[in-house]
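Visitor: I should like to learn how to read strand pairing, cavities and pockets in a protein model. May we work through one case together?

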Amino acid sequence: MNRCAVSLLLAGIALFSAPARAQQATANLSADEVKRQLDELRVQMANQTRLINALQARLEEIQKEKPPATITATAAAADQQSSTPPPVSTQQVGETTTNYVTVALDPEAAPRIDNAPLDPKYPGFFRIPGTQTFLKVGGYFKTDFIYDGKPAGDVERFIPSSIPVGRPGVNNTTMSVRPTRMNLDFRVPVKALGDVRFYVEADLFGSNSTTPRLRHAYTQAKNFLIGQTFSNFQDPDAGPDGLDFQGPNSQVSIRNPQLRYTLALAKKTSFAFSVEKASSDVAFKTPEFSALPNSPGPDGTVKFRQEYTGGHIQVAGLFRAVAAYLPNGNSDSVFGWGVMMAGAQKVVGKDTFTYQVAYGRGMERYLNDTSGLGIDAAVVSTYQPYLRALPVVAPYFGYQHYWVNKVRSNVIYGFAQVSNTAYQSASAYHKSNYMSGNLIWNVFGTLNVGGEFLYGWVKYKDNSSANAPRIMFSAKYDLNFAKKAD
């Protein structure tokens, strides 16, 4: 092709200089010589024309077979940029927090500073056609097979406080799909607000057997959050990895409507405060009297969180007013408060230790085992007809161990104890224990199966007690479309 180009160039130069040169060169030529040179020139021009036509045809064939590499790369980059959110870089979500695996997947639902995702590459997100909004469809399908050797109270969630005292030992089996949940995670890039997140999630633990129940519905922009999600007093990243839907009896676990603001103090340190829905959980009554609880003001919380290489630690405080009517007809209000420390710590390899220690007065509504029992506060005694916020202590720990890459086990223990008043009935909740151990196998992709043994024990104010063992098997498939089957 280089020779052809040179030939074409020489031919072009010859054409431009041909008139002057031809006049000089042909001045003394005979008729036969002129005819011979003219024939040779015509043959050369015909050959050049055929070569030009062949090269043009080949060029057209190459262009049809494959576009230029630079155009292909540019188009691919533009398509990738338009279909997925741009990757983000944040140090507010540590490696241990990102990689910690739990059956409940609560870390994915938790709001985070700057709306940082657990995975900065946004796996599973796609752009909604015709909009600037990105969406991820998530959740999981879960089926539990449960066997109780004796009455355990709630047949689908293991709640030690619900274990009946004095009931004959009768075994029971059940199957449940109620832990199944679905969620939608919207990310909307707004120039003035940055990445705006809207998250909504529901499970099937509604009022009836499989009625949907709203778990989360919140939006966050510029670190201002409004809506219903985990309380700012809770640490969803420290929840142990159990098959049981409820979790440890002593876990701070509640989803509240709230207003929250989070502030970054440093690269790995944040501070958050919130105003949350109040609900005085007071339920003492007599044949002539009902407590009729009310809430003078919203609950307030503050939270300090530190991420580091091997895990995270969180310290939080709760402040609230608990109010109800007294037996004498008057209304009384008492100050409730609580403090908690929780976190997760990488131990050896992929093993992780999770923990929580909580203590307070009038914070029972925020704990798994005591929420709904009506014991945030109680009348002190017949001779002291005023409310007292009941003291409660609630620690738990969980240890997650990987036998091999796809097989893990967990041991979990929780303890909760409430200090009762003289006025409370003999059957008032006093304390409980929660223990469990499991084996979970990631079969392939996002399909996990496992078995778990649970044991609970509850003691009432009058020292009467009851215990119950439970065996359960579970199969769970995550709707994680970004993860391919192995």
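Visitor: Which residue in E20 is the bridge partner of glycine 414?

Guide: The model is a predicted one. Pairing is read bridge by bridge, and here glycine 414 has tyrosine 434 in E20 as its bridge partner. That pair belongs with the joining of strand E19 (residues 407-418) to strand E20 (residues 429-444), where the two run antiparallel and eleven bridges link them.

Visitor: How many bridges join E20 to strand E21?

Guide: There are 14 bridges between E20 and strand E21 (residues 447-460), and these strands also run antiparallel. As one example, methionine 435 has tyrosine 455 in E21 as its bridge partner. A general point helps when inspecting such a strand: in a regular strand the side chains alternate between the two faces of the sheet.

Visitor: What do E20 and E21 form, and how many residues lie between them?

Guide: E20 and E21 form a hairpin, with two residues between them. In the turn, glycine 445 has a positive phi of about 55 degrees.

Visitor: How many helices and strands does the protein chain have?

Guide: The chain has five helices and 22 strands. Of its 486 residues, 44% count as buried. For contacts with a separation of 6 or more, 65% are between residues 24 or more positions apart. The accessible surface comes to about 24,700 Å², and carbon and sulfur atoms hold 62% of that area.

Visitor: What is the volume of the largest cavity, and which residues lie nearest its centre?

Guide: A cavity is closed to the probe, whereas a pocket is open. The count here is four cavities of 30 Å³ or more, and the largest has a volume of about 230 Å³. Its lining has 19 residues, with Pro111, Arg112, Arg260, Lys303 and Arg305 nearest the centre. Strand E8 (255-266) and strand E12 (299-308) are the elements that give two or more residues to this lining. By class, the lining has six nonpolar, seven polar and six charged residues.

Visitor: Which residues lie nearest the centre of the largest pocket?

Guide: They are Thr98, Val101, Leu105, Glu108 and Asn480, out of 41 lining residues. The volume of this pocket is about 1,200 Å³. Among the elements that each supply at least two lining residues are helix H4 (95-99), helix H5 (106-109) and strand E22 (465-478). The lining divides into 16 nonpolar, twelve polar and 13 charged residues.

Visitor: How many residues line the second largest pocket?

Guide: The second largest pocket is lined by 48 residues, and those nearest its centre include Gln246 and Asn368. Its volume is about 970 Å³.

How values were computed. Residues are numbered from 1 along each chain as its sequence is written. This is a predicted model: local features need pLDDT of at least 70, side-chain atom pairs count only at pLDDT 80 or more; totals for chains, interfaces and linings use all residues. Side-chain values use heavy atoms; hydrogens and water are left out. Two strands pair if DSSP finds at least two bridges between them. Helices (H or I, at least four residues) and strands (E, at least two) are DSSP runs, numbered from the N terminus. Buried means under 20% relative accessible area, exposed over 50%, partly exposed in between (1.4 Å probe, protein chains only). Contact means heavy atoms within 4.5 Å. Accessible areas come from the Shrake-Rupley method with a 1.4 Å probe; for residues, only the protein chains shown count as cover. On a 1 Å grid over the protein atoms alone, a cavity is a set of points where a 1.4 Å probe fits but cannot get out, and a pocket is an open set with protein on both sides within 12 Å along at least five of seven lines; lining residues have an atom within 4 Å of a point. Grid points are joined across faces, edges and corners, and a volume is the space filled by probe spheres set on the points. Ala, Val, Leu, Ile, Met, Phe, Trp, Tyr, Cys and Pro count as nonpolar, Asp, Glu, Lys and Arg as charged, and the others, Gly among them, as polar.
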